[in-house]
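Thanks for sharing this one. Below are my notes, as numbered points to read alongside the viewer.

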Amino acid sequence: MENNSIICQILNYNDVFHVKKIVNKIKDYHIFEYILIVDNNSSDGSFKKLMEMYKENPKIRVISSPKNGGYGYGNNFGINYAVNELKAKKAIVCNPDVEFEEQTVIKLVNIMTKTNAALTSAVEVNKVPSINKAWKIPTPFAWILDETKLRKLSFNKFHYSDEHFRTEYSEVDCVSGAMFLLDLEKFLDVGGYDENMFLYGEETVLGYKFKQKEYKTYLLNYESYNHLHSASIDKSIPDKVKKLKILDQSKLYFYKTYLKENPIKYGLEKMCFKYIEQSRNLIGKIKR
């Protein structure tokens, strides 16, 4: 295993606290040649703070994107730097608010090497293992229902059964974007993240793009990482209703751009999300 071609990329936006915490945890992991911190044009002076913090450590690189173009843009910016400047072949791509062990990374690399996968990941844990550990490419109808009180009906449509995760590792379509290992050549071959999506839904689009190219994604069922949900995202977008609206927009973009929905179906789907949005706003007003 060529350890010197593997890096860890951390995307930051206004969250020096969690960046410092994860770097302190992983800075001595031998598996990583570099730790690359990508500041996504933070508004709180994060870039200067991080540059000063790690200027004496040659293993840690801190770069800044020219704009805050969202999750996909920031990670694409970093991965291009990692490939061109650091000659990286593989990368753990993660949020600042995660925690993982070196042994987990080693196992992710081993499975990727064994299967020639594009992506390998472990089970996301937030106090307890996530029920949303991996999912299939959803149909528009299932993804719309997922935003309503009928979400239990949609869950089984695009999620795997418990039996699917009984083996050491399982082939899946999509996994959480909080932490995973990427084969960077395959990632760039599918065009990386779609930068037209600012936040949310990127994992599903990436899974779709890998599947179209017949690249494999695997989840290691007995390895995990901790994720403090939304700790980083809340720094950027604290309003929950606004987050859900962005998610809706991402889903509609996926329907139109990737699933090539015809204008009539797309119009109906757009009306459904408009109704859901109005319902959320009404509930919010009642609560206030």
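**Notes on the model**

1. A turn after a helix. Asparagine 116, just after H4, takes a positive phi of about 60 degrees. Please keep in mind throughout that this is a predicted model. Something similar can be found at another helix: lysine 87, just after H3, takes a positive phi of about 60 degrees.

2. The geometry of H4. Helix H4 covers residues 102-115, and its 14 residues should span 20 Å at 1.5 Å a residue. The end C-alpha atoms of H4 are 20 Å apart, so the expected span and the model agree.

3. What H4 packs against. The buried residues of H4 are Glu102, Thr104, Val105, Leu108, Val109, Ile111, Met112 and Thr115. An α-helix has 3.6 residues a turn, so residues three or four places apart point the same way. The strands that the buried residues of H4 pack against are E1 (6-12), E4 (90-94), E6 (119-126), E9 (169-172), E11 (179-183) and E12 (217-227).

4. Helix H3. With 15 residues (71-85), H3 reaches 21 Å from its first C-alpha to its last, close to the 21 Å expected at 1.5 Å a residue. Its buried residues are Tyr71, Gly72, Tyr73, Gly74, Asn75, Asn76, Gly78, Ile79 and Ala82.

5. The nonpolar cores. Which residues touch the most other members of the largest nonpolar core? They are Phe32, Ile92 and Phe100, in a core of 34 residues. Apart from this core lies another, of 33 residues, which includes Val123, Ala134, Tyr193 and Leu206. In soluble globular proteins, nonpolar side chains tend to be buried together. If you want one residue to centre your view on, try isoleucine 92: leaving aside neighbours within four places in sequence, isoleucine 92 is in contact with Ile7, Cys8, Gln9, Phe32, Phe100, Val105, Leu108, Met179, Phe180 and Leu181.

6. A buried glutamate. Glutamate 124 is found in strand E6. Is glutamate 124 buried or exposed? Its relative accessible area is 6%, so glutamate 124 counts as buried. Its side chain makes a polar contact with the side chain of histidine 227 at 2.5 Å, and another with the side chain of serine 176 at 3.4 Å. Glutamate 223 is 99 residues away from glutamate 124 in sequence, yet their C-alpha atoms are 9.0 Å apart in space.

7. Cysteines. How many disulfides does the count come to? The count is 0. The closest cysteine sulfur to that of cysteine 94 belongs to cysteine 8, and no bond is assigned to this pair because the 3.8 Å between the sulfurs is too far. Cysteine 94 is buried, since its relative accessible area is 1%. Cysteine 272, by contrast, counts as partly exposed because its relative accessibility is 34%.

8. Salt bridges. The structure holds 10 salt bridges. Side chains of opposite charge can pair when their charged atoms come close. One of the bridges joins lysine 55 to glutamate 52, with the closest N and O atoms 2.9 Å apart; lysine 55 counts as exposed, at 53% relative accessibility. Another brings together the side chains of glutamate 171 and lysine 216, at 3.2 Å from N to O. That pair links distant parts of the chain, with glutamate 171 in strand E9 and lysine 216 in the loop between helix H8 (202-212) and E12, 45 residues apart. Glutamate 171 is partly exposed at 37% relative accessible area, and lysine 216 is partly exposed at 33%.

9. A buried ion pair. Lysine 186 and aspartate 183 also meet in a salt bridge through their side chains, at 3.2 Å from N to O. Both lysine 186 and aspartate 183 are buried.

10. An exposed lysine in H6. Lysine 157 lies in helix H6, residues 151-158. At 63% relative accessibility, lysine 157 counts as exposed. Leaving aside neighbours within four places in sequence, lysine 157 is in contact with Lys136 and Ala142. Isoleucine 137 is 20 residues from lysine 157 along the chain, and 9.7 Å separates their C-alpha atoms.

Notes. Residues are numbered from 1 along each chain as its sequence is written. This is a predicted model: local features need pLDDT of at least 70, side-chain atom pairs count only at pLDDT 80 or more; totals for chains, interfaces and linings use all residues. Side-chain values use heavy atoms; hydrogens and water are left out. Helices (H or I, at least four residues) and strands (E, at least two) are DSSP runs, numbered from the N terminus. The expected span of a helix is 1.5 Å times one less than its number of residues. Buried means under 20% relative accessible area, exposed over 50%, partly exposed in between (1.4 Å probe, protein chains only). Contact means heavy atoms within 4.5 Å. A nonpolar core is a set of buried Ala, Val, Leu, Ile, Met, Phe, Trp, Tyr and Cys residues joined through side-chain atoms within 4.5 Å. A polar contact is a pair of N or O atoms within 3.5 Å; within protein, one must be able to donate a hydrogen and the other to accept it, and residues adjacent in sequence count only if both atoms are side-chain atoms. A disulfide is a pair of cysteine sulfur atoms within 2.5 Å. A salt bridge is a side-chain nitrogen of Lys or Arg within 4 Å of a carboxyl oxygen of Asp or Glu.
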